[in-house]
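Here are a few exercises to work through with the model open beside you. Try each task before you read its solution.

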Amino acid sequence: MTVTINGRVLAGRSGETILTLARRSGVDIPALCAESRLDPFDSCGVCAVEVEGAGVVKACSTPIKEGMVVSTASPAAEGVRRTALELLLSYHFGDCVGPCQLGCPAHTDCQGYVSLAANGLFLEGLKLLYEKLPFPASFGRICPAPCEDACRRQIAEEPIQIRHMKRFLGDQGFDYLPERDPDTGFHVAVVGGGPAGCTAAYFLRRRGHAVTVFDAMPKMGGMLRYGIPDFRLAQDVLDRELGVLQRMGITFQNGVRLGKDLTLADLERKYDAVFLGLGAWNSRGLSIPHEDHPDVQQGIDFLRRLNTGERVTLPRRVAVIGGGNTAMDACRSARRLGAEVTLVYRRSRDEMPAIPHEVEEAEEEGVEFRFLTQPVEFLVEGRKLTGIRCLQMRLGDPDASGRAKPVAVPGSEFVIPVDAAILAVGQTFEPASLADSGLRFDRAGTMVADPETGHTDRPKVFAGGDAVTGPGIAIEAVAAGRRAADAIDQFVRGLPIQMAPGYAHTKEDVTRADLGDIAVTPRVATVVRTPQERVLDSREYMTDFTADQAREEGTRCLGCGCSSGFDCALRDVSSAAHAAQDAFAGELDRKLPDERHPFIVRDRGKCIACGRCLRVCSDVCGIHAIDFAGRGIHVEVQAPFDRAWQESTCVSCGACVDACPTGALADRGNLAKQVPLRAQSTRTTCSLCSLACPIQVRTLGGHYLTSGPAEEEGILCVKGRYGWQAWSPGSRIAGPLVRRDKKLIPASWDEAFQLIRDHLPKEKDRTWAIAAGDLSNEEGHLLARLAQSVLKTAFLEIEHFRPKSAFVAPARLVASAEHWAQADLLLVVGPRSRYEHFVLDLLLRSARSKGTPTASLSRGFPDADLAADGGDVVHALSELCRPRSHSAELEAIRTRIASATRPLFVFEERALSREALQGLCDLAVAHPNGRLVPVRALSNQNGLLQAGFDPRPDREPNRRSLSAAVVVGADLARDPSLADELAKLDLVVALAPRENRTTALAHVVLPLALPLEGRGHVVDTYGRLCERARTAVAPAGRENWEILVALAAALGADWSYPSWEALSQDAALTREERLGAEESVFLPGRTDSRAVEVEEALKQKGI
Amino acid sequence: MNVSVGLATCGIAAGAEAVYARLVTSLAERRLPTTVKRVGCVGMCYNEPLIDITTKDGGHHRYGRVRAEDVERIVVQHLVGGEPVQELLVSEDGFFTRQVRIVLENCGLIDPESLDEYRARGGYEGLARALAEMTPQQVIEEVKASGLRGRGGAGFLTATKWSFAARERAPDKMLVCNGDEGDPGAFMDRSVLEGDPHRVLEGMAIGAYAIGATHGYAYVRAEYPLAIERLEKAIAAAREAHLLGERILGSGFSFDVAIKAGAGAFVCGEETALIASIEGKRGMPRRRPPYPTTSGLWGRPTVINNVETLANIPWILRHGAKAFSSYGTERSKGTKVFALAGKVRHSGLVEVPMGMTIREIVFDIGGGTRDGKGFKAVQIGGPSGGCIPSSLADVPVDYESLVETGAIMGSGGLIVLDDETCMVDVARYFLDFVQKESCGKCTFCRIGTKRMLESLTRICEGQAAQNELEALIEFGQKVKRYSLCGLGQTAPNPVLTTSRFFRDEYAAHLDEHRCPAHVCRALIHYRIDVGRCRDCKLCTKKCPVQAISQGDGAFQVIDDATCVKCGRCHELCPFQAVEVS
């Protein structure tokens, strides 16, 4: 069938929908409710496309027809799509990003770094700051912080101290150098070393371009350096941050003035692009008599002289005229020079453009304020300035700026006696340097450039900052610099300049009730020098947070921004469709998030009722724990009776979270304070059973966050999904411990190794080496070599492969992956409920839906074609071995087995007794092609057996002869009888991730990395090799193989491995030698401590 | 002498149980041999409770609005004395003379719990004929010749639907009777199920025979307990008499019916939602195709017919297609049952031949508007139907003519509106109903109807923007087009039809902030005419919010700011001194 979509002729399959064909062919049709695993639901309306002759239809549910001509982007289709989205957005209660980030002109991720600080991840916070701002420490001092004005926390009490957090992170003194792309060969000139220019240079450098910054002043920094006094921003802070830019490879050239030392034409000729960040360095005047008197000076000149280190003196009485930040800086600087300062401002305090806290601090420092005062003449007697003649003003109607316009009160003239005056009534850009450049200027004298890209009329020239916008706050110049860098990057690469559209949904009219149940927590107070002290010198008067204070302040953050802010389909589609939030204003349920599940946060206000979660739950997972409830606009996804989800039939597999196209369902990450992040994602293998599912682990700077299925649309059981999270936090052992005076105390590696060397028995077979079943092949190989050549012992075991209880089956009975694929009957024995082995349940049902008959002796697989009560498994299995069974159900299963050509016997090993294992084995032996599929409690028992661990009964250690034990990963002492035995030994060495019952009686404890924290390989149920990656970093910083190699070396081994690769290769070779030689397979019929620990951790979480 | 009391839900609600009890006691006390029959709805709901007395010679007297205390007189004077109590008799008043009763032929006449009475009036003859004399294909042909169309609303040809299912090759097919009557004010299906349940079962059995179904479901909403009870009894009796179950009437045909009580979601009347509901899932529609006749209940070919449709079948089989098609118009054959309600004198259940005009129904049968107010419009087709203005009152009631007006036949609600009705308010009322009943599946219905309702509310409150109506109509078209099922696809109809025929009323709300019918509270004001006020203070005493107080003289005044516009003063004032503006 031929179908044309957007002009492309595609071969369609009969019966498929437009959407299926498009997705198969790589044509993008946005859709929110559609998913390949599910039947069309026809709900969201976003997949609207136009079909010639049929108008706009929903692609998800419209079958293709021969000759169909489809357009995905026709105006009609886009109109319907936008309408559908706007309806959804009109009933969406949430924020894509926090109001702080939207309030920041440079869109710094305030919530991100504040929350990272709350978790103590200061370096990660600093890195995040550097994503948007190259001057965190400087801006952490001087930014007016519009982010804080937008902060919702102030609804409860006070905004988060976001600015101060920037300062703290910027001051951490990390040796951090932002990463940058490889060199591109393009070279960009930046004129002006202030915030706009330096920011543009920084982002261009990060993109790999060579950048040279030219500046007329002796040092870089522009107004940050020359317009702001040291007590607000110490120059060494600025120097340090400029140093980062230089270390990144940006070239600084100072003392070069545009129009004098170089021309724009020169730059255009020599460079691929030019950015002009020239600033507004000219001062406005008042145009009143005697303004040019030598004792009347300009505020920015005054500040510049101070900042260049010039010795500046002032007479006793000084008036500062103006109401902005420069006026405040001038007042406060003048106070520090010992002057009596009067501020003269023509409106009232409320109209002052200066930041309120700066005004307050100026007042504290003794500045006198004369509001509603308009100077009309500087009074001069002889050569001396004696005073200012002023008019009293009153406030009239608002002017163009929206502020009340001051109006003179007739006959109100008076004189303020002063000896000097500083004018700070405004700054402008001086276009003289660009007189013949061909650039355009508007009436106010500012440069004309595209407000988004900064592109000027000259193709190679971009501009930003105060010279373009008129004087603004520095963070706006940073924003302009970054936008221009984006544009220049595209320009030099010859790409059309496009700024990414970004839809950001916001909660509107937020009230205290919308914040939920939070405690009133005022901001953390830091030490500030007293006003009396601080006017004595020009040093900074604020102090940093301590680390604890930073964490505490960060914890106050309400976390407004969406946890799915970076991967929300609704947001992406809304951006692309230019949808508006307020197109359909109306009722909106202001729902608070449901936090009852320990791992899944349901932000109910963000649900778009697409039904994917509940359809995956019922149609894919077969669980049906959740469904829609309610009618009309109030329809909501709920577990029955709106109970917490985990209290329904939910198996906590998290498949609903993966299906959610918005932030309505999200995994809670493993940080105390949740942070929406672009985390690192690494594929590895789950170790929590021998199915060894591929998992994707998200981490940040080596810290585990969440795990999920690695395969698209894959599903994990609760252990693979949330088990790691439930289990991995808590106090980890970060270094070696040794027992002294009955207490474990931290020790060096050498001390620990020394102690082991001293107490290790010298005789053969006196030491017991035992490992948890989830060690990798490589770790197992090392332990085996250690046992053989250093510990000199044959007693090498896997936990619970206890010779007396283990059942030995012929190796040929174990099924391979091919056997599974070819099976014509699957008999299941083991799982007591779906919940216990949900992935197995899914595998079985998938086999069944593909036509493989299934039979079950377990309650854990209720969907089997044939089922018998598995109450007494041993009895049932023996019945199945008889010529005829008394029970009709069992007889049906028996005959089905007999008639099958390739039956598989799938069982959960730990659920079966030795007798049951015997019965199963008999059943398998009795059938010519019967095969066993043992599903083990941990991932690598198979691999360890192949590595040389040998639990045959004749190798059982003679307990009385033992005097030492090396226990790796297992908590042996969970078993009281083993605890007694361990307690009698002269030396117990425990390698453990955290303290447990075994470490409690160990003499030496070494820190062990968890399976997610080291490389290696494991062997799954079918004997396949699976790779394990190092996703996170253990607190001790070492991988287990490094620890074992070091231990071996310390104990005098004559072998070592120079690298991981060498070890891995050796382990693989040894394994290959052993493969095929196996005649038996060991089935323990019990479970490992680690599997139990994970289950207990989950249970503690309420699952 | 035959005495019967109407004991359908409508009669019971009006107090018929007490009347019945008194009648039985009274007759017993006098040891009169007469038994009292419990019958279903006669249709004259406006006169309930009703007692019908038929004498052997065919004389028939009907007492209406009977109170328990009236029973004694009727017994003494009429049953004993042979003299009817004239002042308690109701006049037919034209109510029945223009009706043609096919579906309702037994309603109110027979004891619904008596299989014998049903059979005595020709019941199960149609089924017997079909099984004995006809092949399934012939049954379909017969129904096809009758021209019967589905009475659930859409008017799809019943025989065509049957033939789709009949040609499917599947071991078990399903026939479902849709008794999920959810329209506010509609009670046709309930009355039939309560008054003549065997008729529905017979129709189901004939349909099942025609399509080859083995299983039947009667989906009846749980709010109809009496209908469910009577249907249960009827099923039991029919099984007993081999009219249901294995080898019906000794033929090779087997069919049985189970009842599924629906939990009362309006959308479950939609056939795919109804299927989901029977399957135990949430009642949500799905996209068609596949149509239920291909893949319906549990994936089996399924025919879903409305109660009224099925109730027509026995009559057609008994009297032949020709007799049936002699009623009605070219393309709409037979009759249609309506629940006549609203501002009409004779509210009740009526059955009229297709093609009768709205005017005839309202005036000749319904007796015109109540209190002689001006006839303004009828609302037809259920909550998502439309309003037909009095200027179009001569439109014949058939499927096509109604669609031309923008309304639909629907399942049979017919609400008469007089000139005290605000059409904008009516649209808002129905849209509110539909919005609250949306299953929430698709965006355009779930959120779109809500946004339409909010817009309409703004109009009613005088808060609307300049182009609000145009935007509303345009958006309403989108909701119609992009909603998944009939509920959303018709939800905008009340707005679209009222704005088409009553544009001036919308304009008054929009431009002048005035509600011409004095209904929209935000736009009306009550004022006391000083000249008429006699200072009796009745209004002041009855005002629920104390908005009325002594004026500056011998009169009362209303404080407009406090007034909640409940209108009680206006209704109560003996001197008509309270004016609405």
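**Exercise 1: A threonine in a helix**

Task: Place T1070(A) in its helix, then decide whether T1070(A) is buried or exposed.

Solution: Start with the address: T1070(A) sits in helix 35 of chain A, which covers residues 1060–1074. Keep in mind that this is a predicted model. Next, check the accessibility: T1070(A) has a relative accessible area of 18%. The cut-off for buried is under 20%, so T1070(A) counts as buried. Last, look at what the side chain does: the side chain of T1070(A) reaches the backbone oxygen of D1066(A) at 2.7 Å.

**Exercise 2: A glutamate and its contacts**

Task: Work out which residues E1093(A) touches, leaving aside its neighbours within four places in sequence.

Solution: First find the helix: E1093(A) belongs to helix 36 of chain A, residues 1089–1100. Its relative accessible area is 15%, so E1093(A) is buried. Now list the contacts beyond the close sequence neighbours: W727(A), D971(A) and R974(A). For a sense of how the chain folds back, take A726(A): it is 367 residues away from E1093(A) along the chain, yet their C-alpha atoms are separated by 9.8 Å.

**Exercise 3: Where the two chains meet**

Task: Describe the interface of chain A and chain B, beginning with how many residues each chain gives to the contact.

Solution: Check the confidence first. The complex gets an ipTM of 0.90 and a pTM of 0.92 from the predictor. For chain B, the mean pLDDT is 93, with 100% of the residues at 70 or more.

Then count: 33 residues of chain A and 28 residues of chain B take part in the contact. About 2500 Å² is buried between the chains, and carbon and sulfur atoms give 55% of that. On the chain A side, L87(A), R631(A) and I633(A) supply 26% of the area buried against chain B, more than any other three residues.

Now for the polar part. The rule finds 19 residue pairs in polar contact across the interface. On chain A's side, the elements giving two or more residues are strand 4 (55–58), helix 2 (75–90) and strand 23 (627–629). Helix 2 of chain A has the largest share, with seven residues. Sorted by class, chain A's side holds 18 nonpolar, ten polar and five charged residues.

**Exercise 4: Following one aspartate**

Task: Which residues pair with D42(A) in salt bridges?

Solution: Look across the interface first, where the rule finds two salt bridges. One of them joins D42(A) to R287(B), at 2.7 Å from N to O. Now look within chain A: K58(A) and D42(A) also meet in a salt bridge, at 3.0 Å. K58(A) is in strand 4, while D42(A) is in the loop between helix 1 (18–24) and strand 3 (48–51), 16 residues apart. Both K58(A) and D42(A) are buried.

**Exercise 5: Two salt bridges in chain B**

Task: Find out how far apart in the chain the partners K373(B) and E420(B) lie, then do likewise for R428(B) and D425(B).

Solution: Take K373(B) and E420(B), whose closest N and O atoms are 3.4 Å apart. They sit in two loops and are 47 residues apart. K373(B) is partly exposed at 29%, and E420(B) is partly exposed at 41%. For R428(B) and D425(B), the closest N and O atoms are 3.2 Å apart. These two are three residues apart in helix 16 of chain B, so about one helical turn separates them.

Notes. Residues numbered from 1 in each chain as written. Chains lettered and ligands numbered in written order. Predicted model: local features only at pLDDT ≥ 70, side-chain atom pairs only at ≥ 80, totals over all residues. Heavy atoms only, no water. Helix = DSSP H or I, 4+ residues; strand = E, 2+ residues; numbered from the N terminus. Buried < 20%, exposed > 50% of the residue type's maximum accessible area, 1.4 Å probe, protein only. Contact = heavy atoms within 4.5 Å. pLDDT = per-residue confidence, 0-100. Buried area = accessible area lost by both parts, 1.4 Å probe. Salt bridge = Lys/Arg side-chain N within 4 Å of Asp/Glu carboxyl O. Polar contact = N/O pair within 3.5 Å; in protein donor to acceptor, adjacent residues only side chain to side chain. Nonpolar A, V, L, I, M, F, W, Y, C, P; charged D, E, K, R; others polar.
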